[in-house]
Amino acid sequence: MSAPTPETVPSSDRARASLEALRTEIGKAVVGQDPAVTGLVVALLCKGHVLLEGVPGVAKTLLVRTLAAALELDTKRVQFTPDLMPSDVTGSLVYDTRTAEFSFQPGPVFTNLLLADEINRTPPKTQSSLLEAMEERQVTVDGTPRPLPEPFLVAATQNPVEYEGTYPLPEAQLDRFLLKLTVPLPSREDEINVLTRHAQGFDPRDLKSAGVRPVAGPAELEAAREAVTKVAVSPEIAGYVVDICRATRESPSLTLGVSPRGATALLSTARAWAWLTGRDYVTPDDVKALALPTLRHRIQLRPEAEMEGVTTDSVLTSILAHVPVPR
């Protein structure tokens, strides 16, 4: 294999243009979910994972499938159920009668983009099978670590209204998700657009017929990740991120504030957003833009605050309004 030439290595600008083209490409199949699309791209740039929360039928699965198709990434889907076993996710050793030996049969986690559908419907033992994959990007079966493909992203979904028969994700696992994105119901205009497309023959199971084509690939994604690491962070911005996270620990409405891992996550997502918007330095507005999706799942409300109608987003919004912004 010949060494890559400068012409074949995507530049930062070309990589940014390719990722910006994702919005248009995904829009061929998914209507009106730009914030969720942007969040998934930010997670890919930061090598993080995403928790998607929304009622059934708002195209969470279609969004992930379309993203994978537009980025030429392999994707697999696992429907999490109460009887799902850890080996159903990670893979297991299978006895081969022909060779009289055990061989490893990879599970669906061996992919680029894993859709963990309704992750809170499976018991904690199976939920935790993803922890090593998410944190270490490998799975250990029978004492042997097996690396996962690169890039690797877990997009897990959960239903925000139906909690009967579910197992809430523990704080330790929630903290492993870089972002928690809410996928809302579409506006009236967007919903009419969805129905019009279906009336014209759109089939969500056939993305090629919808015109979805790859607009970027692993090379562009790697170039983009490299460019994000070069985005400058001033001491004032670092202090601003820390002040926001420390304010959550002192909030009277919360029993759990943001950990240092959460502060690191907020800085990473702000850098990715700054690069996506065409800058090589982070501003306070970048931090504010990513504060809610990066931090909302890392804090915990007091029961009395919850009874009064306080939400995690309202607490974070109040903190952002009161923490002094560096000039």
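Modeller: In what follows, a residue is buried when its relative accessible area is under 20%, exposed when that area is over 50%, and partly exposed in between. The model is predicted.

Colleague: Asp13 forms a salt bridge with Arg16. How far apart are the closest N and O atoms?
Modeller: Both residues belong to helix H1, which covers residues 12-26. They are 3 residues apart there, so about one helical turn separates them. Between Asp13 and Arg16 the closest N and O atoms are at a distance of 3.0 Å.

Colleague: Is Arg16 buried or exposed?
Modeller: The cut-off for buried is under 20% relative accessible area. Asp13, the partner in the salt bridge, has 56% and is exposed. Arg16 has 13%, so Arg16 is buried.

Colleague: Which residue forms a salt bridge with Asp117?
Modeller: Asp117 lies in strand S5 (residues 113-117), and the partner lies in strand S2 (residues 75-79). The pair therefore ties together parts that are 40 residues apart in sequence. Asp117 is buried at 8%, whereas the partner is partly exposed at 47%. With the closest N and O atoms 3.0 Å apart, the partner is Arg77.

Colleague: Which residue meets Asp74 in a salt bridge?
Modeller: Asp74 is partly exposed, at 37% relative accessibility. Its partner is partly exposed too, at 33%. The N to O distance is 3.1 Å, and the partner is Lys76.

Colleague: How many salt bridges does the structure hold?
Modeller: The pairs above are among them, including Asp13 with Arg16 and Asp74 with Lys76. There is also a network of salt bridges that links Asp175, Arg261 and Arg298. For the structure, the number of salt bridges is 14.

Colleague: Which residue of strand S8 is the bridge partner of Leu52?
Modeller: Leu52 is in strand S1 (residues 50-53), where it is buried on one side with Val50, while Leu51 and Glu53 are buried on the other. S1 pairs with S8 (residues 153-158) in the parallel sense, over 4 bridges. In S8, Leu52 has as its bridge partner Thr157.

Colleague: Which residue of S9 stands opposite Leu51?
Modeller: S1 also pairs with strand S9, residues 179-182. That pairing is parallel and has 4 bridges. Opposite Leu51 in S9 stands Lys180.

Colleague: How many disulfides does a search of the whole structure find?
Modeller: A disulfide needs two cysteine sulfur atoms within 2.5 Å. For Cys46, the nearest cysteine sulfur is that of Cys245, 15 Å away, and Cys46 is in no disulfide. Cys245 is likewise in no disulfide. The search of the whole structure gives a count of 0.

Colleague: Is Cys245 buried or exposed?
Modeller: Cys46 has a relative accessible area of 21%, which makes it partly exposed. Cys245 has a relative accessibility of 1%. With the limit for buried at under 20%, Cys245 counts as buried.

Colleague: How many residues are in the largest nonpolar core?
Modeller: Nonpolar side chains tend to be buried together in soluble globular proteins. In this core, Leu19, Leu45, Trp275 and Val287 touch the most other members. Leaving aside residues up to four places away in sequence, Leu19 touches Val41, Leu45, Leu71, Ala224, Trp275 and Leu276. The number of residues in the largest nonpolar core is 72.

Colleague: How many residues does the other core have?
Modeller: It lies apart from the core that includes Leu19. Among its members are Val78, Val139, Leu169 and Leu174. Its number of residues is 23.

Note on methods
Residues numbered from 1 in each chain as written. Predicted model: local features only at pLDDT ≥ 70, side-chain atom pairs only at ≥ 80, totals over all residues. Heavy atoms only, no water. Salt bridge = Lys/Arg side-chain N within 4 Å of Asp/Glu carboxyl O. Helix = DSSP H or I, 4+ residues; strand = E, 2+ residues; numbered from the N terminus. Buried < 20%, exposed > 50% of the residue type's maximum accessible area, 1.4 Å probe, protein only. Pairing = 2+ DSSP bridges. Core = buried A, V, L, I, M, F, W, Y, C linked by side-chain atoms within 4.5 Å. Contact = heavy atoms within 4.5 Å.
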